[in-house]
Amino acid sequence: MPAPVPAPAPAPSPSPSPVTVIGLGLMGRALAGAFLAAGHPTTVWNRTPARADRLVAEGARRAATVGDALEAGGLVIICVTDYQAMYDLFGDASDGAVGASDRTLDGTTLINLTSGSSAQAREAARWAEQRGARYLDGAIMAIPAAIGTEEAVLLHSGPQSDFDAHRSTLAALGTVTHLGEDHGLASLYDVAGLAMMWSVLNAWLQGTALLRTAGVDAATYAPFARQIAAGVAEWLPGYAEQIDRGAFPAEVAALETDARSMAHLIEESEAAGVNTELPNLLKTMADRAIAAGHGGEQYPVLIEEFGKSHNAA
Ligand code: NAP
């Protein structure tokens with residue numbers, strides 16, 4: 001009989017690591033509050049010091065200066081209005097060089113959750129690298145009240161190893177995802193998600209405006225619209241496969257069939273006296289694709305129109 005193998009000692013549960021949050025606006029306060037609630041020793045700094053008062057009362061440590069905040073050690077999260085505000089705090093990026101008045105970020109891991117463009121994110125990564133920092137960019141797809149719950153989606157991009165090193169700390173904020181090594185990806189996903197959100201909302205508003213002319217109120221139409229939106233969402237994986245393959249066989253409907261329905265939407269909107277800008281935009285793009293010979297193909301062939309840099313005339 002083999003000797004019993006002793007069970008390994010349970011791994012000690014890691015104590016929550018220290019975090020510094022710089023920028024305590026509506027979002028920054030929510031981020032710091034979530035770290036505190038998860039037990040992380042949390043240092044905070046804000047240009048307007050009074051905004052830290054409540055967090056300090058809840059147990060946060062107030063840093064007197066940005067330099068003190070950086071020296072607190074651990075992960076540094078910044079969430080301010082825009083990238084320029086970050087540069088104002090840490091040193092100017094515009095000349096590309098580390099100036100005498102710039103703060104050293106040597107050895108710091110900086111996670112920037114400020115909203116911006118992918119180009120700004122990539123530039124900030126170079127800027128941080130010049131100052132000796134490890135850098136992840138991030139985008140928050142949530143409102144402050146959702147931070148600290150799994151409904152809050154936080155997207156990150158940059159080196160996988162840096163994300164992995166801080167994943168468990170970031171998890172205090174919500175559902176965190178690493179999108180890839182390219183620092184611009186979080187910002188790109190952010191605007192892609194916003195494009196989806198606004199497009200769905202605008203389509204719903206168009207229909208609501210139309211139906212209201214027939215006495216149907218928004219609340220009556222909303223459940224129907226929701227069902228349509230959910231049904232269309234189901235098509236995305238199959239359509240994505242067509243786009244990635246570059247082949248658009250009309251398995252459900254041809255684009256010219258859609259274009260005829262778009263004409264009905266325009267006619268109905270004109271007749272009802274509601275805005276026709278959105279229906280006309282849809283039809284203009286479809287007509288261009290049809291003129292280019294794609295009328296017999298399926299709707300996602302329009303990716304070729306969306307992929308062009310020119311704007312509609
Ligand atoms: P906010 O309430 O207006 O707070 C802005 C923060 O930036 C404040 O801490 C402000 O400091 C600081 N700031 C601005 N310019 C500065 C400068 N030159 N130097 C130092 N500090 C400066 O905005 P927020 O809602 O927290 O948003 C912050 C970021 O999160 C933005 O990029 C936003 O797009 C993003 N975001 C917000 C939400 C949301 O629902 N709120 C959702 C997703 C993403 P003072 O307090 O001293 O003015």
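In this predicted model, the ligand is surrounded by 22 residues. Those that come nearest are Met27, Asn46, Thr48, Arg51 and Ser115. By class, the shell around the ligand holds 11 nonpolar residues, 8 polar residues and 3 charged residues. Two helices each supply at least two residues of this shell. They are α1, spanning residues 26–37, and α4, spanning residues 83–90.

Polar contacts to the ligand involve both backbone and side-chain atoms. On the backbone side, a polar atom of Gly25 lies 3.1 Å from an oxygen atom of the ligand. Leu26 places a backbone N or O atom 2.9 Å from a ligand oxygen atom. Asp88 contributes through its side chain. Here a polar atom is found 3.4 Å from a nitrogen atom of the ligand. The ligand exposes 900 Å² when taken alone, and the protein buries 76% of that area.

The ligand takes up the space of the second largest pocket. This pocket has a volume of about 370 Å³. Its lining comprises 17 residues. Asn46, Arg47, Val80, Thr81 and Ala85 lie nearest the centre of the pocket. Helices α1 and α4 are the elements that give two or more residues to this lining. These two helices also each supply at least two residues of the ligand shell. Asn46 likewise appears in both settings: it is among the residues that come nearest the ligand, and it is one of those nearest the pocket centre. The lining of the second largest pocket divides into 8 nonpolar, 6 polar and 3 charged residues.

The largest pocket has a volume of about 2200 Å³. A total of 45 residues line it. Nearest its centre are Ser199, Ala203, Val232, Leu282 and Tyr299. Five helices give two or more residues each to the lining: α7 (185–212), α8 (218–245), α9 (255–272), α10 (277–294) and α11 (303–306). Of these, α7 gives the most, with 15 residues. The lining of the largest pocket has 36 nonpolar residues, alongside 7 polar and 2 charged ones.

The two pockets thus draw on separate sets of helices. The second largest pocket, where the ligand sits, takes two or more lining residues from each of α1 and α4. For the largest pocket, the corresponding elements run from α7 to α11.

Terms used
Residues numbered from 1 in each chain as written. Predicted model: local features only at pLDDT ≥ 70, side-chain atom pairs only at ≥ 80, totals over all residues. Heavy atoms only, no water. Near = heavy atom within 4 Å. Polar contact = N/O pair within 3.5 Å; in protein donor to acceptor, adjacent residues only side chain to side chain. Areas by Shrake-Rupley, 256 points an atom, 1.4 Å probe, with all protein chains shown as cover. 1 Å grid on protein atoms, 1.4 Å probe; cavity = no way out; pocket = protein on both sides within 12 Å on 5 of 7 lines; lining within 4 Å. Sits in = over half its atoms within 2 Å of the grid points. Helix = DSSP H or I, 4+ residues; strand = E, 2+ residues; numbered from the N terminus. Nonpolar A, V, L, I, M, F, W, Y, C, P; charged D, E, K, R; others polar. Points joined across faces, edges and corners; volume = space filled by probe spheres on them.
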